[in-house]
Amino acid sequence: MRSRKTWWWAAVLVLGVGVAVVCFREPRGGDSSSNPHVRAAETQQARARFAPLLAPHAEGSLRITGVVRDARGPVAGVQVSASRVDADTLSERPCPQQPSDHRHASPWLHHGNCCFVEMAAGFARWVEAREGEAPVVAQTLTADDGTFVLKGLSAGAFTLWALGDTGATVRPGIPAGSDAVLLLLEPGFFFSGRVVEELTRAPVPGAQVTLIHEDGSRFFDALTDAQGRFRAGPLPAGRYLKVASAKGWRTKAFDDDVWRDADTDVTLELQRRTRLEGLVLTPEGLPASGLDVHLRPTEEGGDTSSTRTDAHGRFVFEEAAVAPQELWTQARDGTTHGEAWVTPPGNVVLRMKPSWSMEGTVRDEQHRPLAGVRLRVSSHRLGGQPPPATLTDAAGRYRLGLLLNPAINLELMREHYIDRLEPVSLGKAHEGPWDFTLTRAQQFEGRVVDTEGLPLAGAQVTLDMTHDVPERLFRSHFPEDGIAESDETGHFFVDSERKGSGRVLVTARGFRSVLLPVEVPSTGVRVVMSRGASVSGEVLDATGRPVSNAKVWLWNTAPRSGDAHRADVDAQGAFSLGGLEPGHYVVEARLRTPGIERAVSQPLDLEERTQATVSLRFQEGRTVRGMTVDSAGQPVPAVRIQACLLLEDVPAWQTDAPDCFPGGEGGILSGLDGRFVFNHLTASAYRLIAWKEGEAFAPSRSRGGTPDTTALLVTAGKEDVRLVLERRPRLRGQVVSDNGTPLPCEVRERSPWVHAPDGTFELPLPEDGPARIQVRAKGFLDLQREFVVSPGTDIDLGTLRMSRGRTVRFRVLDEATRAPLAGVSVGFDPLSDPLTPLGHALPSHYGNLDAEGGIALEGVPFERASFFISVHTNAETEKEVVLDATQETVTVLVPGPER
């Protein structure tokens, strides 16, 4: 991997917090004061700023010459650069998991989002370390006549970038030595947004946002201002990966599947880093030293952090993310383990528990020992590790250890035998050994060959014995009695639990699927697969340039066919599909852009062994311009607008249609003057929908189309569209404590929580009808109020008085020794009690006891209350505890771990 120097960071820091910046490269030694592309950053509007970069090192003697033009002619002063992707760049790094029919790894980009979750943490690390960026090997500025010369190039193809004040463009695949290359400067787009804290949605000033052009692996950097906002551009069209980082925050990568060619505004959520301390105890309650302790996010992909306990059993994670995480440790010999679910910061105690084990013998129906039986636990596993598993030896014996719980689900699997799932409860009446019997499976065996008789390896053979599936079906819904894959000789062997008549589905990449009636058991079955028809082609934009980020679908138009084939499009816009049955098809390319999903399709008749070639070219389409305004006709900026196909215009052969719902961060954005533009509209009519927080779209008051209840229908020829947004009703109130003083609190009508530092709040209400508000403040009981929202009517809840709650500290002790059960996992659940007033909801809690065997339960009302307490040692202990109206300390006695 290539590591980049962090010279750019110093340049960014000069600007200081409160400035948004995007850095483009320019030659060393240039006079920035006279360069029209170097502009002073403006904190109020967060305008783009071009920062000087180091000159690239010349690698060869070749050059590329050309000219940069826009719609009006040559453009002077545009920064032109050449970069080249290689195996180290982000766009070329392979997915960690490939489909079984892929013989070679392919770049993650060409799998869309399929492996982003697995690679997100890696992307974040690489970008933070400035790794994975395509190296810029030459750069210059265009002359007065728009011409440019890029020197010092080695042989090969390069990606050319033209970055100007008024537009940008990118052209891949330009060979060194090319002359008269035309770079047509397009309007480009601005990428803006905000970086906020995940839990509170508070802005994160001074955050570094890196936008990565996915095809070209070019990095563009921006810095958030005091309100957490950033703005970068104009940028060339493309798909962009986003990475946000800040000191004291967890670096995170963000992805979506949208081709950006219009102004975009996004929200990036970061998790704060903080300190997590802890103590690990042995099952006897003594400090456990020298153990590795691990921390791993539970709700999304992320790296596992590790540390080690000191001589006193203590450990520290200095930079733990403020997010739900799993904390665990395990003795080196695997005999004990400890775990907890935590949200840092805090101080947690882990009490190790003995791990369980089991042993026994597996035999067949004739009581003969079976070797090679795989036994695996399918229940919870520690820290996302592989589940405990083992194999039986030659005598059929096994020993399975490192089991976390006494109640497990045990899977037993062996080739040519029926799989078995056995629930097991350890440590009760049956203490072992645990012996099992496996039943011989019915055999279905054969070979897969092509029409020339040559064996086919890697064909998937799926056996179905149910008889209730149509002749033409969705292959993913094929009932599975057994699955196998043919080996290098084409041989396969499928195990079945049943005998009798059934069907077998055989699929292989590049071959037609085969569906045959079969009898089970059978041997020597010969399956012949035909290559069938194939389709290859290219996807182009309206100007004839390749489109690399489209998705290609091949739809079988036969009723109830259920057949839809998906093809990847490479960097040159090419695609191919094989193994197709004869029939009538539609081949379609889709490109999802802000506000609209563009599509182009072509009918296709395939005969046996047809090799069809198609060219799918997106149309330029028409343009619709409009404005978002309020009830008085004044512009409303930053409204999101989506253009949707009419349902009757969605082709019948499509099994899915583009989503078209208001909400979220999709759509195009109206500008500061309320104006918006939709390009590339090809259908005869579209439904326009609009949304903005605190506003309601009013189609009946809008102009330029036909309104319905949720949208404005706009047909061809409409030019002057006015979308009216009405102010939504507001919800107001003042929160005070029980003594009448304003109370800092958090309020929500829906997610997220809104902080009210002086207890005063005003929230927009998104919908009419019944609604509910929740209020919370530390040391007080949660408050709820219900109300009904009417169109155009604000609601004032007046003064909301919150009642103080009490904090009850529970101590859980060994009933025999009175020793605190430090680090033991406990759960507190409220119980419904006729004697307990129902005016307040009781809290619940799950976690580990502290070093004194205690836990504090906040938000308990000064009323009689009952709790159900479960204590998890070797065996779970359950108790009911009843509190009176004033009690603040409780001692609970339970059997110790050794009992």
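Buried residues make up 49% of the 899 residues in the chain. Buried here means under 20% relative accessible area, exposed over 50%, and partly exposed in between (1.4 Å probe, protein chains only). The accessible surface comes to about 42100 Å², and carbon and sulfur atoms hold 49% of that surface. Areas come from the Shrake-Rupley method with a 1.4 Å probe; for residues, only the protein chains shown count as cover.

This is a predicted model: local features need pLDDT of at least 70, side-chain atom pairs count only at pLDDT 80 or more, and totals for chains, interfaces and linings use all residues. Residues are numbered from 1 along each chain as its sequence is written, and side-chain values use heavy atoms, with hydrogens and water left out.

The chain has two helices and 67 strands. Both are DSSP runs numbered from the N terminus: helices are H or I with at least four residues, strands are E with at least two. Of the contacts with a separation of 6 or more, 65% join residues 24 or more positions apart. A contact means heavy atoms within 4.5 Å.

**Two open sheets**

Strands pair if DSSP finds at least two bridges between them. The table sets out two sheets.

| Strand order | Pairing | Edge strands | Average turn between neighbouring strands, direction ignored |
|---|---|---|---|
| E4-E3-E6-E7 | antiparallel | E4 (136-141), E7 (168-175) | 20 degrees |
| E48-E45-E53-E50 | mixed | E48 (675-681), E50 (695-697) | 30 degrees |

The angles run from 0 to 180 degrees between N-to-C directions, with axes fitted as lines to C-alpha atoms. In the antiparallel sheet, strand E3 (residues 79-83) pairs with E4 over five bridges. Val-80 faces Thr-140 of E4. In the mixed sheet, strand E45 (residues 622-629) and E48 pair in the antiparallel sense, also over five bridges. Here Arg-625 has Val-677 of E48 as its bridge partner.

**Nonpolar cores**

A nonpolar core is a set of buried Ala, Val, Leu, Ile, Met, Phe, Trp, Tyr and Cys residues joined through side-chain atoms within 4.5 Å. The largest has 25 residues, and Val-539 and Phe-575 touch the most other members. Strands E38 (533-540), E39 (551-556), E41 (574-580), E42 (583-593), E43 (596-606) and E44 (611-617) each give two or more residues to this core. E42 supplies the largest share, four residues.

Leaving aside neighbours within four places in sequence, Val-539 is in contact with residues including Val-552, Phe-575, Ala-589 and Leu-616. Another core lies apart from the largest one; among its 24 residues are Val-170, Val-204, Phe-230 and Leu-268.

**Two polar side chains**

Glu-197 sits in strand E9 (residues 189-197). It counts as buried because its relative accessibility is 13%. Its side chain makes a polar contact of 2.8 Å with the side chain of Thr-200. A polar contact is a pair of N or O atoms within 3.5 Å; within protein, one must be able to donate a hydrogen and the other to accept it, and residues adjacent in sequence count only if both atoms are side-chain atoms. Beyond four places in sequence, Glu-197 is in contact with Ala-202, Val-204, Trp-249, Leu-270 and Arg-272.

His-294 belongs to strand E17 (residues 292-297). A 2.8 Å polar contact joins its side chain to that of Ser-306. Contacts of His-294 beyond four places in sequence include Thr-304, Phe-317, Glu-326 and Trp-328. Gln-325 lies 31 residues from His-294 in sequence, and their C-alpha atoms are 10.0 Å apart.
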